[in-house]
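The following exercises concern a single protein model. Please work through each task before reading its solution.

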Amino acid sequence: MIRTQISFDRSLYERAKRIARRQGVSLAELCRRSLAEAVARNDSSAGRPWMRHVGVIEGGAGDSTTVDEVVYGRERP
């Protein structure tokens, strides 16, 4: 990981800190996620238009384990 320094105006900093706290992540992690989303949305050289959806849905790796139960009302289709 590369360490860098950025500056925010006080209002943006305070709002970002509140969002990070609500999401249970550090301000640095919120910045990384937001920057990754912005880059994916605007990187025309990537050739992967689906990447513009990065970060749209929050969740963890285990969040899809019950999809069959949600969709079909049982563990397996």
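**Exercise 1: Helix α2**

Task: Establish the span of helix α2 and the placement of its buried residues.

Solution. Helix α2 comprises 16 residues, 27-42, and reaches 22 Å from its first C-alpha to its last, close to the 22 Å expected at 1.5 Å a residue. The expected span is 1.5 Å times one less than the number of residues. Helices (H or I, at least four residues) and strands (E, at least two) are DSSP runs, numbered from the N terminus.

Next, the buried residues: L27, L30 and A40 are buried in α2, where buried means under 20% relative accessible area, exposed over 50%, and partly exposed in between (1.4 Å probe, protein chains only). Seen down the axis of α2, its buried residues fall within an arc of 165°, so they line one face of the helix; the arc is that of the directions from the helix axis to the C-beta atoms.

Finally, these buried residues pack against α1 (10-23), with contact meaning heavy atoms within 4.5 Å.

The model is predicted: local features need pLDDT of at least 70, side-chain atom pairs count only at pLDDT 80 or more, and totals for chains, interfaces and linings use all residues. Residues are numbered from 1 along each chain as its sequence is written, and side-chain values use heavy atoms, with hydrogens and water left out.

**Exercise 2: Residue I19**

Task: Determine whether I19 counts as buried, partly exposed or exposed, and relate I19 to L30.

Solution. I19 belongs to helix α1. Its relative accessibility is 35%, so I19 counts as partly exposed. Between I19 and L30 there are 8.1 Å in space, C-alpha to C-alpha, and the two are eleven residues apart in sequence.

**Exercise 3: The whole chain**

Task: Describe the fold pattern and the extent of burial of the protein chain.

Solution. The protein chain has three helices and zero strands. Along the sequence, the pattern reads α-α-α. Of its 77 residues, 8% count as buried.
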